[in-house]
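Student: Please take a close look at the salt bridges of this model. I would like the pairs described one by one, with their surroundings.

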Amino acid sequence: MKKIISFFIVSLFLVGITNAQINENEITTPDQTTYYMKVKVPEYFQLLFAKDKIVKRLEFLEKRRMEYEKLGLKFNETTKDKQERILVHLRKLESNRLEHQKIIDAQFKYLDVDRKLFVLQQLQKHHDRLIEVQQKLPEPAQQRIVVAIESSSKSIKRFNEEVANIQIFEKMEKGKNVK
């Protein structure tokens, strides 16, 4: 029994590794029936075994952005009933993205300065890409991505302030050491 469970866990982990490459043409969106097995389960195991969980979560934020784009662009091509379901899926994507964002926010204060700068830079790129996606989407789908843009900009503002405070403190410390 232990061998079967071990085999199952290892196989899920390997599936997660093979799906780790982000390819925009093969993005699975929540409206597809295989979303949970192709995205959520591998992400769980990737996070479980990741050395740098923040970088992994940043990758997941980028995946959510691509899923937003793909799902939002389907909006005009569907019927009214399917459009409502797409909006529900966009809300689910946003809640998942917010979950990753909150964890990154909570762990940010424990990072060293270089890692903070790296995370800040990656979040800024992600924020810029979200704005690009927003401009491509139809109006009803744009409303969902506004929440993501606002939460991202709040985090970036807070992170910028924290990094600036650290850099000011370091300059003060260097000034004391010189005297």
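Tutor: What follows goes through the salt bridges and then turns to a nonpolar patch on the surface.

The model is predicted, so local features need pLDDT of at least 70 and side-chain atom pairs count only at pLDDT 80 or more, while totals for chains, interfaces and linings use all residues. Residues are numbered from 1 along each chain as its sequence is written, and side-chain values use heavy atoms, with hydrogens and water left out.

A search of the whole structure gives 12 salt bridges (a side-chain nitrogen of Lys or Arg within 4 Å of a carboxyl oxygen of Asp or Glu). One of them joins Glu62 to Arg129, with 3.0 Å between the closest N and O atoms. Glu62 belongs to helix H3 (residues 53-73) and Arg129 to helix H5 (residues 113-136), so this pair ties together parts that are 67 residues apart in sequence. Helices here are DSSP runs (H or I, at least four residues), numbered from the N terminus. Glu62 is buried, at 12% relative accessibility, whereas Arg129 is partly exposed, at 30%. Buried means under 20% relative accessible area, exposed over 50%, and partly exposed in between (1.4 Å probe, protein chains only). Both residues also belong to a network of salt bridges that links Glu62, Arg65, Glu69, Arg129 and Lys136.

Helix H4 (residues 80-108) holds the pair Arg85 and Asp81, which are 4 residues apart, or about one helical turn. Their closest N and O atoms are 2.9 Å apart. Arg85 is partly exposed, with a relative accessible area of 44%, and Asp81 is partly exposed at 47%.

Glu94 and Arg97 are also in helix H4, 3 residues apart and separated by about one helical turn. In this salt bridge the closest N and O atoms are 3.5 Å apart. Glu94 and Arg97 are both buried.

The nonpolar patch on the surface is formed by Met1, Ile4, Ile5, Ile9, Tyr44, Leu48 and Phe49, with about 760 Å² of accessible area together. Helix H1 (2-18) and helix H2 (35-49) are the elements that give two or more residues to this patch. Patch residues have over 30% relative accessible area and no salt bridge; nonpolar side chains (Val, Leu, Ile, Met, Phe, Trp, Tyr) are joined within 5 Å, and like charges within 9 Å. Accessible areas come from the Shrake-Rupley method with a 1.4 Å probe, and for residues only the protein chains shown count as cover. Ile4, in helix H1, is exposed at 59% relative accessibility.
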